[in-house]
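Biologist: I am new to this one. Please show me the structure, and then let us talk about the ligand and the sheet.

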Amino acid sequence: MGSLIFVAGARPNFMKIAPLLRALATRPSALTAEVVHTGQHYDFEMSGVFLEQLGIGKPDVQLEVGSGSHGEQTARIMIELERYLTRRSERPRGIVVVGDVNSTMAATLVAVKMGIPVAHVEAGLRSSDRTMPEEINRLVTDSIADLLLVSEPAGLDNLAREGCAANRIRYIGNVMIDSLVHQLAAARELAMPAQLGLQPADYALVTLHRPSNVDDPTRLAALTQFLHRLAERVPVVFPVHPRTNKQLEQLGLLAELTADPRVRLCPPLGYREFLGLMDSARLIISDSGGIQEETTYLGIPCLTLRSNTERPVTVTHGTNTLIGEQLDRAWSVIDDVLAGRYKRTMSIDGWDGQAANRAIDVLIEAWQ
Ligand code: UD1
């Protein structure tokens, strides 16, 4: 037997490792799974609830690094993970990292330097925007990981353009869609709109957490005004990320938003609760990476408050529209959505609920 270490640290990692763990557990192989949680996210709402709902359970190892500047956080993950891997009696067969958060890059750096093979799930995505911390994480991770498991066609083009050897690359599809497919029935059973006193297909769901939107006071104030105006057209539900909450509070914008009876603020929601709300929403307004993909799969209109996306298939084949800097541009799109004129989803190769099986096949072949 040999072990595969799955590293996760931040909220968007958990829905990507859950289907991989399930696929490995159901496959006869000589590989066993071990989960290392870096502790990048640590609140129950940002981590524990996802571990529970997605069936991951208690991680085997918790590095408990917590928050900090990028340098601090990345360095702490590297120090703690290297210590753990050095202490371990047996050398793992490989390490699996997912997505583009600081934990992804830090774990890759440590493992590669220790000579342990690394597979990156969701490789090849590029926004070409180097002001995004995630873009740096993607570039570093893909340049040194051994196996690059790609989720959408643009990933293949990007890696080829960067000169990656073809034998490092496999197209496996989207593991996050695996989690969605697996959890959708349970999410619908929660009847989330009814729980919040909302009519299905008659509310806008909002999330915001990118530094480019929430760390700049002028931008955050403009977004707050935008949400008040949106609420005049359609009720708004806004689960608030801790980073955003802190900023809204500091700028005195939280009280103002709370006072708007058509804007419903709540703490970050669990995976199923959020999926249930997304599935029944009239539209979603967000700056998230993953939500662009989930709404595309569900066929729900998504307005992304960014100027670029590393997930272009959600624009060409899905329900995503990039709004960019100029919030005024959103209104004509919102008019289209509310009038039922918005674009629909086309099918995307490998977004079928089976991506984790394909990923695990690759890993067993490479590392068993
Ligand atoms: C991180 C990822 C981002 C991902 C997002 C999802 C990086 C560079 N960023 O951003 O790609 O989209 O997660 O949420 O890896 N905090 C808490 N409780 C927690 C975690 C964080 O209160 O459990 C607060 C802390 O004040 C912290 C701040 O949120 O300083 C930001 O957390 P951090 O992990 O640095 O980045 P995110 O904005 O969450």
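Modeller: Start with the ligand. The shell around it divides into six nonpolar, eight polar and four charged residues. Here Ala, Val, Leu, Ile, Met, Phe, Trp, Tyr, Cys and Pro count as nonpolar, Asp, Glu, Lys and Arg as charged, and the others, Gly among them, as polar. This is a predicted model: local features need pLDDT of at least 70, side-chain atom pairs pLDDT 80 or more, while totals for chains, interfaces and linings use all residues. Residues are numbered from 1 along each chain as its sequence is written, and side-chain values use heavy atoms, without hydrogens and water.

Biologist: Which helix gives the most to the shell around the ligand?

Modeller: Helices are DSSP runs (H or I, at least four residues), numbered from the N terminus, and strands are E runs of at least two. H3 (70-87), H5 (133-144) and H11 (242-250) each supply at least two shell residues. The one that gives the most, with three residues, is H11.

Biologist: How far is the side chain of Asp-43 from a nitrogen atom of the ligand?

Modeller: Asp-43 is among the closest residues to the ligand. The pair joins a ligand nitrogen and a side-chain N or O atom. Polar contacts here are N or O pairs within 3.5 Å. The distance is 2.8 Å.

Biologist: In what order do the seven strands of the open sheet lie?

Modeller: Strands pair if DSSP finds at least two bridges between them. The pairing is parallel. E3 (61-62) and E7 (169-171) are the edge strands, each pairing on one side only. The order is E3-E2-E1-E4-E5-E6-E7.

Technical notes:
Near = heavy atom within 4 Å. Polar contact = N/O pair within 3.5 Å; in protein donor to acceptor, adjacent residues only side chain to side chain.
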